[in-house]
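Here is a quick tour of one protein model, written for someone who likes to poke at coordinates. Have the viewer open and follow along.

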Amino acid sequence: MSAVILTARIFCLVILMTSDSKSFSHLFNNNAAPRPLEGASIQEKVDGLTRDITGVKSQLEHLQRELKRLEDQRHSYQALLSPLRRIPLEILGEIFLTILADIDPEIMDVVLIDLCLVCRAWRNAALATPRLWNYLVLDALPSALRPEAVSRWFSRSGVAPKTLHVSGDSHWPCEGPEGCEFSNVGLAKLLTEGPQLGRLILSCTGSQCFRNLINMMKRAVENRRPRPWDTIKSLQLAFHCHWNEPPSPSESIFFYISSSVTTLHLSLPSYSDLQADEDDDDVNLPIPESILSNLTTFTLECDWSGTKMWRVLQLCKNVETLTLDYGPFGISYYDDEPYFLEVVHTGLLLPKVHTLRLRHMHPNLTDFIHLLKTPMLVELDISFSNFSRSPAPCADLKDVLDTFCHALIAFSAGIRTHRKLRLHAVKLSKPQVKLIFTSLSRLSHLTLDNVWFDGSIFRDFSRELWISSSHITPLPSLQTLELLNLPVDFPLRLLKGYISNRCTIAFSGSLKKVVVTYQKYDCPIKSEGAVYELREHCPVEWSVGFVKSGSG
């Protein structure tokens with residue numbers, strides 16, 4: 001109704017203005033000043049028009065408010081029809097899992113609670129997704145570790161395998177139970193009476209902390225068997241600064257590890273961080289054979305004397321996935337040690353290892369590769385010292401890397417099952433790259449991640465395909481080639497040319513997929529044209545991106 005009234009008023013104003021304008025038409029056509037009576041009449045008209053304009057503006061504001069109210073109502077009703085309201089709880093739960101995957105584990109529980117507080121539907125979706133509740137990080141402080149609250153949290157995870165991560169915050173060595181964060185009645189109760197755990201992560205200052213926890217569990221009242229401690233499948237122990245273990249396995253902290261553990265991740269203090277009065281002979285790693293023989297997955301982070309690591313590995317008869325991290329400073333050997341001479345003579349047999357990962361590898365550790373006997377190896381993953389934009393100095397030693405590459409070829413040649421190779425964080429010359437490509441004929445999957453090399457090697461490979469009468473192609477069994485974290489000036493066109501020639505000239509159809517990623521801080525503008533041409537006349541799946549892969 002107000003819109004009709006407003007329209008009528010505007011219509012009347014137009015008529016009045018038209019009639020009045022005729023009375024003063026002679027003034028609109030010149031610059032003459034109006035007479036006194038005309039001036040008074042004109043001022044009256046101005047005042048009247050001002051009042052009418054004010055009234056029209058008021059009605060317009062009212063109509064605008066009414067329009068805004070109607071639009072808001074329409075938006076509210078449209079929201080009721082939003083497809084988001086029809087997303088199944090299972091899909092919302094998967095979205096939450098994706099979000100939490102990129103969250104720091106230490107604040108994951110806080111973020112999850114925040115998601116539950118958004119609305120009832122999100123809370124129901126979270127509660128209907130057990131995997132959201134199967135991981136919990138806690139401080140070792142008694143005030144932060146309440147068994148009832150932890151049990152209530154894990155009860156929402158259903159039958160999903162549960163992971164508990166307990167982290168100590170002290171950097172002072174523990175001389176006994178007094179003052180140690182792991183002399184914790186709540187934690188001991190949780191591991192003896194709480195929910196069943198699939199994985200336990202303990203981050204301790206030193207070995208005495210773990211011993212204090214074991215002693216607390218011995219004192220705890222055991223209401224049932226088996227205890228959660230007795231059923232853990234995966235155990236991760238990190239000792240940051242201090243180590244004081246007796247040489248006898250029966251007296252060591254490892255003696256109390258449950259026989260149910262098949263996955264062990266052991267991170268030992270750096271040898272440089274150990275107490276100054278500890279000689280190398282006083283640092284012991286007495287893991288019982290009964291524990292090591294149960295393992296199928298073993299990760300050992302240790303930069304102690306090489307033979308200490310070897311003595312442990314020699315007992316890993318059933319390990320299938322082995323990761324060795326030498327630390328940023330590497331390890332040393334004593335060439336005259338009797339045990340070293342024995343291992344050099346017989347080799348280090350790992351009969352069931354099919355995946356071997358070497359972290360913080362140094363090219364000088366070629367001897368170690370020679371010693372390994374892995375007849376069932378399928379995947380070899382070697383990462384050298386980490387670097388940011390360029391390889392570390394130790395990874396730019398040509399002579400040492402020549403020796404390493406030949407040792408790698410010799411190592412692989414004796415293993416008929418070797419199919420996958422990953423090299424990370426190293427700088428290789430063209431001859432070294434050519435040696436790898438032309439010697440590892442059984443490889444089906446090759447990954448070069450943060451490997452700096454001359455990309456013109458692919459032009460050389462293409463030329464050799466054209467001039468060679470046999471048309472023998474490098475890596476004839478290769479199915480997947482991954483070149484990750486390449487520099488901006490890497491010649492992608494040369495790679496594409498080689499792949500095309502490989503398929504057409506050498507008639508090699510084994511290659512199915514090529515993955516290329518560039519370093520995140522660069523943008524390969526020069527290669528943009530080649531990206532669109534990659535799939536033309538080449539029956540290979542290409543994936544090109546500009547994201548940074550893992551560092552290890």
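What follows goes from the overall fold to the core, then to a run of helices and a few single residues.

## The big picture

First things first: this is a predicted model. The protein has 552 residues, and 46% of them are buried. Its secondary structure comes to 19 helices and 16 strands.

How much of the contact map is long-range? Take the contacts with a separation of 6 or more: 80% of those in the protein are between residues 24 or more positions apart.

## The core and two of its hubs

The largest nonpolar core holds 131 residues. Phe182, Trp243, Leu266, Phe298, Phe458 and Leu495 are the ones with the most contacts inside that core.

Phe298 is a good one to click on. It sits in strand β6, which covers residues 297-301. With a relative accessible area of 0%, Phe298 counts as buried because the cut-off is under 20%. Setting aside neighbours within four places in sequence, Phe298 touches Leu264, Leu266, Leu292, Val312, Leu313, Cys316, Val319, Thr321, Leu322 and Thr323. For the last of these, Thr323, the C-alpha atom is 6.3 Å from that of Phe298, with the two positions 25 residues apart along the chain.

Leu266 is another of the core's best-connected residues. Again leaving out neighbours within four places in sequence, its contacts are Leu237, Phe239, Phe254, Leu285, Ile287, Phe298, Thr299, Leu300 and Glu301. Phe298 is on that list, and Leu266 is on the list for Phe298.

## Helices α15 and α16

Now for some helix packing. Helix α15 spans residues 398-413, and its axis comes within 10 Å of the axis of α16, crossing at roughly 5°. That angle is under 35 degrees, so α15 is roughly parallel to α16. On the α15 side the contact uses Lys398, Leu401, Asp402, Cys405, His406 and Ile409, while α16 brings Gln432, Leu435, Ile436 and Ser439. Sorted by class, the α15 and α16 contact contains five nonpolar, three polar and two charged residues.

## Helices α16 and α17

Moving along, α16 (residues 430-439) also packs on α17, at about 50° and with the axes 10 Å apart. These two helices are therefore oblique to each other, and their crossing is right-handed.

Which residues of α16 and α17 meet? From α16 they are Lys430, Val433, Lys434 and Phe437, and from α17 they are Ile457, Phe458, Asp460, Phe461 and Glu464. By class, this contact of α16 with α17 has five nonpolar, no polar and four charged residues.

## Helices α17 and α18

Helix α17 runs over residues 457-467 and α18 over residues 492-504; they pack at about 25° with their axes 8 Å apart. That makes α17 roughly parallel to α18. The crossing of α17 and α18 is left-handed.

Phe458, Arg459, Phe461, Ser462, Leu465 and Trp466 from α17 meet Leu494, Leu495, Gly497, Tyr498, Asn501 and Arg502 from α18. The class count for α17 with α18 is seven nonpolar, three polar and two charged residues. Two names here should ring a bell: Phe458 and Leu495 are among the residues with the most contacts inside the largest nonpolar core. Phe458 also takes part in the contact with α16.

## Odd backbones and a buried acid

If you like Ramachandran plots, look at Asn450 and Leu475. Asn450 isn't a glycine, yet its phi is positive at about 60°. This asparagine lies in strand β13, residues 445-452, and is buried with a relative accessible area of 5%. Leu475, also not a glycine, has a positive phi of about 50°. Leu475 is in the loop between α17 and β14 (480-486). Is Leu475 buried or exposed? It is buried, at a relative accessible area of 1%.

Finally, there is Asp449, also found in strand β13. Asp449 is buried, with a relative accessible area of 2%. Its C-alpha atom is 9.8 Å from that of Val516, which is 67 residues away along the chain.

Conventions
Residues are numbered from 1 along each chain as its sequence is written. This is a predicted model: local features need pLDDT of at least 70, side-chain atom pairs count only at pLDDT 80 or more; totals for chains, interfaces and linings use all residues. Side-chain values use heavy atoms; hydrogens and water are left out. Axes are lines fitted to C-alpha atoms, for helices over the stretch in contact, and angles run from 0 to 180 degrees between N-to-C directions. Helices (H or I, at least four residues) and strands (E, at least two) are DSSP runs, numbered from the N terminus. Angles under 35 degrees count as roughly parallel, over 145 as roughly antiparallel, 65 to 115 as roughly perpendicular and the rest as oblique. A crossing is left-handed if the near helix is turned anticlockwise from the far one by less than a right angle, and right-handed if clockwise. Contact means heavy atoms within 4.5 Å. Ala, Val, Leu, Ile, Met, Phe, Trp, Tyr, Cys and Pro count as nonpolar, Asp, Glu, Lys and Arg as charged, and the others, Gly among them, as polar. A nonpolar core is a set of buried Ala, Val, Leu, Ile, Met, Phe, Trp, Tyr and Cys residues joined through side-chain atoms within 4.5 Å. Buried means under 20% relative accessible area, exposed over 50%, partly exposed in between (1.4 Å probe, protein chains only).
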